[in-house]
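Thank you for making time for this. I would like to walk you through one structure that is probably new to most of you, so please take a moment to look at it before I begin.

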Amino acid sequence: MKTALVAVVACILMLATPSTAEELDLELVLLADATGSIDEAEIRFQRAGYAEAITDPSVLNAIASNAYGKIVVTYVEWADQLSQDVVVDWTVIDGPVSAQAFAAKLMEAPRQAYGRNAIGAALLKGKELIDTNSYQGLRRVIDLSADSANNWNGPPIRGARDIVVSAGIVINGLAVLCRHCSGRPVSYDLEQRFYDEIIGGPAAFVVTADSAETFADAVRKKLILEIATRPQDAERILLQLTGVQHKRALIR
C-alpha cells in the first residue's frame, strides 16, 4: 500500500514539475559549407552574409510575427565527417540587441572546420544539436548551405536525411553558386540534387545564391521563409522588402 502511495505521489510531483526547456517559435541550425572548396576569404564572406541577414529589420519582423516572438539559432561550419564546428552556440534572438550579439560572435570566431564534403554527417550533427539543447521550439529546422552535393565520407546523404526528417525536423537548402566562390558544378544541376537528396519535411525548399552580390539577399529571403510561421506573413514581409529595395534603386 505504501509503495503504491509513493508511486502516486511521485507521478503527481513529476507532472507538477515545470519543464526546464524554454519554449519559443523555432529551433534553427545553420549549417554552412566550410569544405575544401571554400577558402578563408569565402568563409568570412559567408559569415558576413549571415550576420547582415540575421540583423536585417525584415528578418526581425518575421521573428516578431510569430506566437512567442523569439527563435533560437546556432551557426555551424561543416566539412568532413569529423569536422563540424559550432561557431556560435544556441542563441535566443528576440530583437535587434540579441541579433547584433549573434552577428558579432559570428564574425569573431576563427575557422575550425576543414576537409572534404560529408553532408550526411553534417545533417546528423544538426539533429544532435537540436535533440540535446535546452529549448522547445514549435518548429525545428536544419538549413544546409553547400556549393556541391558530393558526399566523400561519412553516412550517405539520403539515409541521414531520412533519419532527420523522421524525427520531425525540416531540412532546407541554400545552393551557393557565387561567382567569387566555386561556381556551379559542371556535371549536374545543384538545385535539383538538393531537391532529390538533401532537403525534406513539410514545405522544405531550396534558395539559390547565384552571385556574390546577391548572397546576403538570398540568405535574408531564406531566413524569412524559415522563420515566419504563416506563409502569408512571409509573403507580406518579402513583398515589403522588394518594395524597399526598389525604392533604394530609384534613389541611386
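**Salt bridges, a helix and two cores**

Let me start with a small detail: Arg193 and Glu197 lie about one helical turn from each other, because they are four residues apart in helix 7, which covers residues 190–198. These two side chains form a salt bridge, with their closest N and O atoms 3.0 Å apart. Arg193 counts as partly exposed, since its relative accessibility is 22%, whereas Glu197, with a relative accessible area of 15%, is buried. I should say at once that what you see is a predicted model.

Now let me step back to the chain as a whole. The protein chain has 252 residues, of which 51% are buried, and its secondary structure comes to nine helices and six strands. Among contacts in the chain with a separation of 6 or more, 79% are between residues 24 or more positions apart. The chain exposes about 12100 Å², and carbon and sulfur atoms supply 58% of that area.

Back to charges, then. In general, side chains of opposite charge can pair when their charged atoms come close. In this model the count comes to twelve salt bridges, and one of them joins Glu77 to Arg47, with the closest N and O atoms 2.8 Å apart. That pair links distant parts of the chain, as Glu77 sits in strand 2 (residues 71–78) and Arg47 in helix 2 (residues 40–54), 30 residues apart. Both Glu77 and Arg47 are buried.

A further salt bridge brings us to helix 8, where Arg220 pairs with Asp217 and the closest N and O atoms are 2.3 Å apart. Arg220 and Asp217 are three residues apart in helix 8, so about one helical turn separates them. Arg220 counts as buried because its relative accessibility is 6%, while Asp217, at 32%, counts as partly exposed. The pair also belongs to a network of salt bridges that links Asp56, Asp217 and Arg220.

Let me stay with helix 8 a little longer. It runs over residues 215–227, which makes 13 residues, and it reaches 18 Å from its first C-alpha to its last, close to the 18 Å expected at 1.5 Å a residue. How many of the 13 residues of helix 8 are buried? Ten of them are, so this helix is largely enclosed by the rest of the structure. The buried residues include Phe215, Ala218, Val219, Leu223, Ile224 and Ile227, but also the charged-type names Arg220, Lys222 and Glu226.

That leads to the nonpolar interior. As a general point, nonpolar side chains in soluble globular proteins tend to be buried together. Here the largest nonpolar core has 37 residues, and those touching the most other members are Tyr75, Ile93, Leu174 and Leu223. Helix 8 gives this core its largest share, six residues. There is also a second, separate core of 30 residues, which includes Trp78, Leu144, Leu177 and Leu190.

Finally, a word on Tyr75. Leaving aside residues up to four places away in sequence, Tyr75 touches a set of neighbours that includes Leu30, Ala32, Tyr50, Val87, Phe102 and Leu106. Arg47 is also one of the residues that Tyr75 touches, and Arg47 is the residue we met earlier as the salt-bridge partner of Glu77.

Notes: Residues are numbered from 1 along each chain as its sequence is written. This is a predicted model: local features need pLDDT of at least 70, side-chain atom pairs count only at pLDDT 80 or more; totals for chains, interfaces and linings use all residues. Side-chain values use heavy atoms; hydrogens and water are left out. The expected span of a helix is 1.5 Å times one less than its number of residues. Buried means under 20% relative accessible area, exposed over 50%, partly exposed in between (1.4 Å probe, protein chains only). Contact means heavy atoms within 4.5 Å. Accessible areas come from the Shrake-Rupley method with a 1.4 Å probe; for residues, only the protein chains shown count as cover. A salt bridge is a side-chain nitrogen of Lys or Arg within 4 Å of a carboxyl oxygen of Asp or Glu. A nonpolar core is a set of buried Ala, Val, Leu, Ile, Met, Phe, Trp, Tyr and Cys residues joined through side-chain atoms within 4.5 Å.
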